[in-house]
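Got the viewer open? Let's take a short walk through this one, picking out a few spots to select along the way.

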Amino acid sequence: MKWEPVPEHEMNSTLDGDQSSHPFCLLALGYSETVSFCLLEALIVVFLTTLIISGNIIVIFVFHCAPLLNHHTTSYFIQTMAYADLLVGVSCLVPSLSLLHYPLPMEEAMTCQVFGFIISVLKSVSMTSLACISIDRYIAITKPLTYNTLVTPGRLRLCIFLVWLYSILVFLPAFFHWGKPGYHGDVFQWCAASWHTNLYFTVFIVVMLYAPAALIVCFTYFNIFRICQQHTKEISERQARFSSRNEETGESQTCPDKRYAMVLFRITSVFYVLWLPYILYFLLESSTGCSSHLASFLTTWLAISNSFCNCIIYSLSNSVFQRGLKGLSGTVCTSCTSHTTAKDPYTVRWKGPLNGCHI
């Protein structure tokens with residue numbers, strides 16, 4: 001039998017048929033392992049999506065149920081972060097449905113662009129909110145007498161509006177073919193193969209967002225802890241000079257601010273620790289053109305996993321949040337009990353909500 005070369009158009013159609021018959025995913029390291037690795041990728045994305053949505057719903061309800069958490073002006077920004085992270089979780093339903101082979105509402109290229117833009121904007125809101133929180137705490141400690149006149153509810157709402165507007169404007173050029181805005185955990189084949197990063201757009205994002213936010217956080221928290229340390233030293237000297245009664249008074253005045261700053265500092269530190277590998281990969285890919293599907297997936301979803309970390313940090317660090325979480329749990333349990341015992345006329349039921357929390 002004589003061997004005849006296969007025409008190029010028939011070969012391309014054969015390859016296209018093979019690619020369409022197998023799912024696309026970044027974790028597929030070999031042709032024979034494609035299905036198993038795509039299943040692993042789907043499980044990771046669905047698991048993170050579930051954690052992000054449930055964790056931020058808990059944070060939002062606890063802030064609603066614990067009025068003491070709203071005494072600090074930083075609660076405005078923390079709740080903004082919670083809503084932004086909740087929207088991240090809702091947005092992650094798009095790649096979850098894609099990996100589970102549900103039809104997408106738009107064509108793949110447009111879905112990829114819109115999803116990448118939304119994720120980038122939402123994480124920018126979280127990053128900018130952390131910078132605003134550090135500025136708020138810095139003003140509270142450096143200018144305690146004029147703090148209430150400088151930081152008003154109206155100015156806080158305006159600041160939150162500007163945070164959202166600024167985040168949208170920073171990533172808006174992605175729709176004008178400047179380059180990929182930063183989303184790399186591509187579950188869409190068009191994102192991974194046809195949407196490339198641009199060095200100039202990457203530098204623009206770093207200069208306008210990443211670098212200022214990191215510098216503000218470092219500067220403010222360094223000065224906050226330096227001032228707290230000075231105050232503690234002065235109070236210790238006064239305690240030695242006067243009486244032990246001043247010891248109790250001084251401790252109660254300085255420690256709460258330092259403890260609250262430590263909780264916020266932990267949240268900020270975890271945020272940047274989880275985002276650092278992604279930012280480094282983003283810079284490396286933009287500057288050298290080198291890319292790795294595995295590194296792309298892992299760094300991106302490691303960064304996105306930060307969206308449910310705030311609930312864990314609050315649960316472990318903030319006693320007021322812990323009490324609010326217990327109150328929320330008690331309210332939910334009371335509601336469940338009242339529904340199950342509604343048909344029993346001899347059961348005495350609790351008639352009021354716990355800690356002012358309404359379910």
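**First stop: a pair in H11**

Select Phe297 and Trp301: both sit in helix H11 (residues 293-304), four residues apart, or about one turn of the helix. Keep in mind that you're looking at a predicted model. The two rings make an aromatic pair of the tilted kind, with 6.3 Å from centre to centre and 40° between the planes. Phe297 has 1% relative accessibility, so it counts as buried, and Trp301, at 2%, counts as buried too.

**Next: H10 and its rings**

Now jump to helix H10 (residues 244-288) and pick Phe271 and Trp275, which are four residues apart and so separated by about one helical turn. How are their rings arranged? The centres are 5.8 Å apart and the planes are at 20°, so this pair is stacked. Phe271 is buried because its relative accessibility is 1%; Trp275 is buried as well, at 6%. Add Tyr272, Tyr278 and Phe282 to your selection, and you have one aromatic cluster together with Phe271 and Trp275. If you like hunting for rings, the count comes to 13 aromatic pairs.

**Last stop: H5 against H9**

Show helix H5 (residues 108-142) and helix H9 (residues 199-241): their axes come within 9 Å and cross at roughly 30°. That angle is under 35 degrees, so H5 and H9 are roughly parallel to each other. Their crossing is left-handed. To see the contact, try residues including Met127, Ile135 and Tyr138 of H5 and Leu209, Phe219 and Ile227 of H9. By class, the contact has 17 nonpolar, six polar and one charged residues.

Technical notes. Residues numbered from 1 in each chain as written. Predicted model: local features only at pLDDT ≥ 70, side-chain atom pairs only at ≥ 80, totals over all residues. Heavy atoms only, no water. Axes fitted to C-alpha atoms, helices over the stretch in contact; angles between N-to-C directions. Helix = DSSP H or I, 4+ residues; strand = E, 2+ residues; numbered from the N terminus. Parallel < 35°, antiparallel > 145°, perpendicular 65-115°, else oblique. Left-handed = near helix turned anticlockwise from the far one by under 90°. Contact = heavy atoms within 4.5 Å. Nonpolar A, V, L, I, M, F, W, Y, C, P; charged D, E, K, R; others polar. Phe/Tyr/Trp six-rings, centres within 6.5 Å; stacked < 30°, edge-to-face > 60°. Buried < 20%, exposed > 50% of the residue type's maximum accessible area, 1.4 Å probe, protein only.
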